[in-house]
Number of protein chains: 2
Amino acid sequence: MMDLSRRTVLAGGAGLMAPLVADAQPRPALDPVLMAPGSAAQLAADGRRYPLFAAEVERARRQVETAIRAGVNVPVPKDSGGGYTHEEHKRNYRTIYNAGLLSRITGERRYAEHARELLLAYARLYPTLGRHPAGREELPGRLFWQTLNDSVWLVNSIQGYDAIRGQLTDADRRTIDEQVFRRMASFLSDETPQNFNLIHNHATWALAGVGMTGYALRDRLMVEKALQGLDRSGNAGFLRQLDLLFSPDGYYEEGPYYQRYALMPFVLLARAVDLNEPGRRIFERREGILLKAIRTAVQLSYNGYFFPLNDAIKDKGLDTEELHHAVAIAYARTRDPALLSIANRQQRTVLTGDGLAVAKDLNAGLARPFPFASMMLRDGPDGDRGGLAILRSGPSDADAVLVMKNTAQGQGHGHFDKLSLVFYDNGEEVLTDYGAARFLNVETKGGGGYLPENTSWAKQTVAHNTLVVDETSHFGADRAKADPAHPKPLAFVGAGATRIASARMRGAYEGVTFTRTLAMLAHPEFEHPLIVDLLKVSSSRPAQYDLPLHFAGHITDLGFKPTSNIAERPVLGRRAGYQHVWVDGRARPTPEQARVTWLLKNRFYSYRFLPAAPDAEMILGETGANDPSFNLRRQPLLIQRASGVRDAVFTSVLEPHGEYNGAAEYTLQPRSRIARLERLSQGDADVVIVETLGGRRLVLGLSDDPDPAKSHSVAALGRTLTWKGPWARFDQ
Amino acid sequence: MMDLSRRTVLAGGAGLMAPLVADAQPRPALDPVLMAPGSAAQLAADGRRYPLFAAEVERARRQVETAIRAGVNVPVPKDSGGGYTHEEHKRNYRTIYNAGLLSRITGERRYAEHARELLLAYARLYPTLGRHPAGREELPGRLFWQTLNDSVWLVNSIQGYDAIRGQLTDADRRTIDEQVFRRMASFLSDETPQNFNLIHNHATWALAGVGMTGYALRDRLMVEKALQGLDRSGNAGFLRQLDLLFSPDGYYEEGPYYQRYALMPFVLLARAVDLNEPGRRIFERREGILLKAIRTAVQLSYNGYFFPLNDAIKDKGLDTEELHHAVAIAYARTRDPALLSIANRQQRTVLTGDGLAVAKDLNAGLARPFPFASMMLRDGPDGDRGGLAILRSGPSDADAVLVMKNTAQGQGHGHFDKLSLVFYDNGEEVLTDYGAARFLNVETKGGGGYLPENTSWAKQTVAHNTLVVDETSHFGADRAKADPAHPKPLAFVGAGATRIASARMRGAYEGVTFTRTLAMLAHPEFEHPLIVDLLKVSSSRPAQYDLPLHFAGHITDLGFKPTSNIAERPVLGRRAGYQHVWVDGRARPTPEQARVTWLLKNRFYSYRFLPAAPDAEMILGETGANDPSFNLRRQPLLIQRASGVRDAVFTSVLEPHGEYNGAAEYTLQPRSRIARLERLSQGDADVVIVETLGGRRLVLGLSDDPDPAKSHSVAALGRTLTWKGPWARFDQ
């Protein structure tokens, strides 16, 4: 077996800042396997030996063969996302990438030939292009409606080109170098500094394309701009982004959806740096931040899909191109067998030496389960700007996961939902986050971009499971106001029978502070963990407090009888997302009545709550009002409302229970096992009591103060319960 | 290997009307394997050898072991469907069944012992019982709220008891015989003639229980009553049911959901008859009607789920207990390898010699694909009461299927939807049938029974994809008026590039006749077949005609701009189901505009139509109005409306197209490829023209007259198109 580790392949490789290899019949710069001379036959043999890689070769072959049959088609750019020319140019970069790598793997000349023809067509077209006709954003591209897609084209195509560049005539190479790649690299760097010098994922894509092009073309200056910014000062560029865009825990500030997206250019460029300038030890920078970010990305998922925080398309998960690359690159550098189980789940890899290593070791049975676990992921470059709390009841796809969003704003794609939560169980998203209002690449839906309802609904606070004050969103939905702020995490306990995450938010509304504690509680009388939610708010003046609960499922039982709008359905409000909510009914349930039970897949969920203030109201609604273009999904929601008070406490418990089996015709425990919910307070300490039908009591003491030494007391159950630190259990 | 065929096992078995075997230490009467002396050890060895059977043994073992640990619990009946005592008595019959069969298969005495203890507990309880306290129907049971469930208890328990009966002391056997089974058989036959003598599935369950009990207890008279009715005249009972409840094509008159349900007692009793009285040749009766009915049940499914016609719970499909039994019994008698592929899909079988045969042959790789195909299934005992037309584009789970409901009413569970349609594609139900408004066994939803909305919505015509006149349902939703009527099937073509089903309905409304032709059309410019729908109605007086289209998916594009009810949502009507529809918008689109496109899973569907009359209206709505208990699923629908006319023609084409892939970020062809839809008529002949964006024309001539010799002419495309018979293609 050929050794694929970079040490062997790159023995004698260039050191830090050493001049790049000269340019006569250049060998590929972007893949160690392809860079090793005479390795094609071996690679071809290996490629056939390991099913995962062989399948990938076959998939690429089918794609390229189809493209060859279709012929070279490089249309003049015209359409926006999802449109004809958009999709053709996307198809072309895939073809250039696949054909280039396939030509190396299989040794078949025709693949290189097709990539060459395509690139020569681009060499004719590209110099004629100006601003894209469908460009609407500040940064229109040339091939695509936005610069970002041009960058993606470059990242993909340069890899394919690099693989065949050495096989071309000098004339062809010069033509493609100059008319395509140098021009495009120039457009995406010097000509668009307002993008390239940003600390933002759009810039990451640009500098990855430019940097890899620099390595492939042996252009030292181009590489330096990519790594250090246009002025090569280090104030922008790849290295600076590595320091600023990820927290010390590998959390990307825009959230999981964009973490995935940004990872690809990060890891591809890092790999190119590592191969061509191993002396930079890029994968060791910031204690291995990139490898950490890859593992964190995997942790940010449930049942294969990413937590849909901020602007997020819910289809995205571990089985995406970005994660195929990230897993292969990380595995080749760490040999962490847990990554193989992710590759196995993907049933995909990439056409590089890294992908081959994954396929080989997976085939050898080396995979181990990925250690999904509870964790607190700090946000911000220094880890001091809030964070994302993840509580897991176990590592499997069917276990319960509670996500609490205590992060900072996360730039322009951030939603206004401090201290919000998402809850998963039984493989399903039970308490939901809407994600983005967008139909990715569906041209008939606003050109495939973010829809107006992304702003009017998806980003607004009421679209999330967190507190809304006076029917306005956090920070008035103003990003400039939101950017400086972040929650203060309090306690975090990730293991044991009592798992806890808590945080406090000040400044989302003037004069308002709210503190939320979420607990995942195991108890022998309950088959599944209970979720206790304690949200306390105080304001300098009386206000209206709403706590929405977006749930998935079909209501099977209400503990109270609402006044229903059965024959005409009004809208809940006029702005801040409230205009999109139909009101089905309203009620003022007593504490005994305050319960909603629903069925999702084959499990029931009972949500029981205590009225947050005297005369507190429960509103039952559905999304879809003021939506003449049918841009929103229609989903149920509950809103607890407390009006005209300065202080309010929202106390609730979510109880998963029972089983519905329609095929085998049985239903187990469709009713809640909880008889009563109670809360007692003293100062900043609370005791929440969950009493079961069998008369047992789950008793949870909670304090807002994370100090483990501080003592708290609450009179309850006929005695004084005293504990130290943020929580204690006094079950009876 | 032991030979499992009944010939060997039953050599010398009783002939027609011969006295049953005497009762000293009786051998089991209900299973050939169990009936063969000394076979237990062999059975145990075989059971381990074949994975499907071994898994079934293990599953039963787990169930019974859990039951043994829980102890004997035979509560006094109290609750309705889904409640505690209901579920306990269900669990008990499963335990008696499994424990009895397991004791034979494994030879382990403890299983027989647990079944004995349970049955002795029933022997103490049962004689004390009267009418069930939660009984609401005409026919309350004793153990359960309805007699039907008592029958199901008997069908299951008698099989388990039969397996252990020979091992009991005379005293125990006498106690259980007399206090449980004879009393229960008497209750379900002589004491409830109003059920037992019916020609209906509730009666089938009763007579199967009574008949099998008769064989197990060697009670000739009990068997005769089950087979011939209480007076043994043959006017009721099993044999009469076989003649009346299935059509000559094996279609059960209540529809697929109840076909599944009714099959189980039919095939179990037939098997008992076959084993104990092979001379009756029960499986050959009516040209093998029972075996035909089993194959037909499989044909009545898509992607594993039954067509949800009439009252139907959508969770039900091929992987249900009833089909496990049916497939095993049919396979043991026919060795049809296509049935093995169904067993493979189920990954289940039954604990009998038949199940063992399935497991063995599946293990030997004998399975062949089930031949799913287009077919016209006639309805009615003589096949002359309409029928169900099924058009399939191919045999796989992803192929398209068009179901046209041209059947008779189908008794009390029938819906009022003559000539309605359901369309499947890409593994999904695209044009939907609501099925039943019922949460099976969910006690908090109306006791788990049919909800009020089953009558007010699910059964009404507007809840289906067919014509509604003057906002009233077919036959005024009066079963007595509906029972005598049925549609007249016209043409049926199940193969080729033009597949057609058509039928005519008279009498659903006074003075109204409507004729509908559905066509599934293949054409080289379309990747998937097009569905053309031509519905022509004429009435003796002006009327309002509505054609609802219930679809699954999210609207991605409208060809017209509706007037939207964005800030307050009115209800469509006051009765006949219209009170359950919210109105989102209304429009009067021109023929050029009349198109709605939606996305379902990863495929787009464009529905294009021609206004059915001058000023025809399109209504966009959603279900869920007048539903204070949240009993209805919220689903979108379209309604085409033509008002104040005597004649109207609804012409439409449904076009599946393109692909959405959110994970890999591409979208193919989100727009329709159809430029224009046109219809030209002359007499009872029509030409429907579908013109593509590329200028090609799919031209379909249709006639209402199925006579293949009759000639039709329509002037179209600048010439006269002439053809013979119900259809012709004139593509250009």
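Analyst: A polar contact is a pair of N or O atoms within 3.5 Å; within protein, one must be able to donate a hydrogen and the other to accept it, and neighbours in sequence count only if both atoms are side-chain atoms. This is a predicted model, where local features need pLDDT of at least 70 and side-chain atom pairs count only at pLDDT 80 or more, while totals for chains, interfaces and linings use all residues. Residues are numbered from 1 along each chain as written, chains are lettered from A and ligands numbered from 1 in written order, and side-chain values use heavy atoms, without hydrogens or water.

User: How many residue pairs are in polar contact across the interface of chain B and chain A?

Analyst: The rule finds 27, with both residues at pLDDT 80 or more. On the side of chain B that touches chain A, strand 13 (a DSSP E run of at least two residues, numbered from the N terminus) gives the largest share, five residues.

User: And how many salt bridges are there between chain B and chain A?

Analyst: Look for a Lys or Arg side-chain nitrogen within 4 Å of an Asp or Glu carboxyl oxygen. Here the count is ten. One pairs A:Asp584 with B:Arg634, their closest N and O atoms 3.3 Å apart.

User: What area do chain B and chain A bury between them?

Analyst: Interface size is often given as the accessible area lost when the parts come together. With a 1.4 Å probe, summed over both parts, it's about 4,600 Å², 52% of it on carbon and sulfur atoms. B:Thr444, B:Phe630 and B:Glu665 supply 14% of what chain B buries against chain A, more than any other three residues.

Terms used
Buried area = accessible area lost by both parts, 1.4 Å probe. Helix = DSSP H or I, 4+ residues; strand = E, 2+ residues; numbered from the N terminus.
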